[in-house]
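Student: I would like to understand how the words used for a structure follow from its numbers. Could we go through one slowly together?

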Amino acid sequence: MGNILEIKNLSYKVEDKEILKHINLQVESGEYLTFVGPSGSGKSTLMRIVASMLTATSGDVIFDGMSIKDYEPIKYRQRVSYAFQQPTLFGKTVKDNLEFPFLVRNQEYDQKKAISALEMVNLDESYINKSVNDISGGEKQRIALLRNLLFRPEILITDEVTTGLDTENKEIVHQMLERFNKEDKMTILRVTHDESEIERAAKKITIKDGEII
Ligand SMILES: Nc1ncnc2c1ncn2[C@@H]1O[C@H](COP(=O)(O)OP(=O)(O)OP(=O)(O)O)[C@@H](O)[C@H]1O
Ligand SMILES: [Mg+2]
């Protein structure tokens, strides 16, 4: 299979600080890559650039044969979806969050689909009408991740999304992502500090001081 993503000589500077330095990377369609490296090394910054939430100072990102600069950002983010490090839920209820992916696609909200998504991450349908203020941190993380997954992106970027989950729920998330990777050929770029995730990772990329080493 061909490259779904190519990062070409990408740098990112804030004032005089070089946060990313000449990053080059090719990602094949269907790969599951794990990004590791010290805190502050630039992992999230790189992911945010790939997700079109931040613009590189120089260099380019090619997705599906075209520079990300030439995509319409809202459409692009449906194909390359970034699951935030420390997500926040919005609106009043869990439903407000699960409805959002339908709204941005001008589709009618499908409650059945929302409930089966909740069940994928070990949450039952009673969560739909819960207030975002009345759920735990780990529940929030899983619900936020569903916003990325209700409609499957071609590339999913997960930025430390299992931090703070207990072993059981970590395993549920791992198996779900593994299944999407294998069955749906979803390309996954995962950032993690989790020892067991790093140990089990098929392909690791280390970022240190803004460089791939
Ligand atoms: N807008 C900004 N202005 C100034 N510095 C920034 C900005 N955004 C990020 N940085 C700095 O860039 C560096 C890389 O940050 P980044 O969040 O990418 O690190 P990270 O590898 O994801 O770290 P962690 O593992 O802790 O999440 C850090 O030193 C951070 O302080
Ligand atoms: Mg980070």
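Tutor: We will go through some terms one by one, keeping in mind that this is a predicted model.

Student: Why is Val 36 called partly exposed?

Tutor: Val 36 has 19 other C-beta atoms within 10 Å. A residue is buried if the count is 20 or more and exposed if it is 12 or fewer, so Val 36, with 19, falls in between and is called partly exposed.

Student: Where does Val 36 lie, and which residues does it contact beyond its neighbours within four places in sequence?

Tutor: Val 36 belongs to strand S3, which covers residues 32-36. Leaving aside those neighbours, Val 36 is in contact with Thr 192, Ile 198, Lys 204 and Thr 206. Of Lys 204 we can add that it is 168 residues away along the chain, while its C-alpha atom is separated from that of Val 36 by 7.0 Å.

Student: What makes Ala 114, Ala 117 and Leu 118 lie on the same side of H4?

Tutor: These three residues of helix H4 (residues 111-120) are buried, and they cover an arc of only 100° around the axis, which puts them on the same side of H4. On the other side of H4, Lys 112, Ser 116 and Glu 119 are exposed. The buried residues of H4 pack against helix H3 (94-104) and helix H5 (137-149).

Student: Why are strands S2 and S5 said to stand at the edges of the sheet?

Tutor: The open sheet has 4 strands in the order S2-S1-S4-S5, with antiparallel pairing. Strand S2 (17-28) and strand S5 (66-67) each have a single partner strand, so one side of each is left without a neighbour in the sheet.

Student: How do you know that S4 and S5 pair?

Tutor: Two strands pair if there are at least two bridges between them, and 2 bridges join strand S4 (residues 58-63) to S5, so the requirement is met. As for a particular partner, Ile 62 has its bridge partner, Ser 67, in S5.

Student: What makes up the shell around ligand 1, in terms of nonpolar, polar and charged residues?

Tutor: The shell divides into 2 nonpolar, 7 polar and 1 charged. The residues around ligand 1 include Val 14, Ile 19, Lys 43 and Gln 85. Val and Ile count as nonpolar and Lys as charged, whereas Gln is among the others and therefore counts as polar. Helix H1 (residues 43-50) gives the largest share of this shell, 3 residues.

How values were computed: Residues numbered from 1 in each chain as written. Chains lettered and ligands numbered in written order. Predicted model: local features only at pLDDT ≥ 70, side-chain atom pairs only at ≥ 80, totals over all residues. Near = placed C-beta within 6 Å. Arc of directions from axis to C-beta. Contact = placed C-beta atoms within 7 Å.
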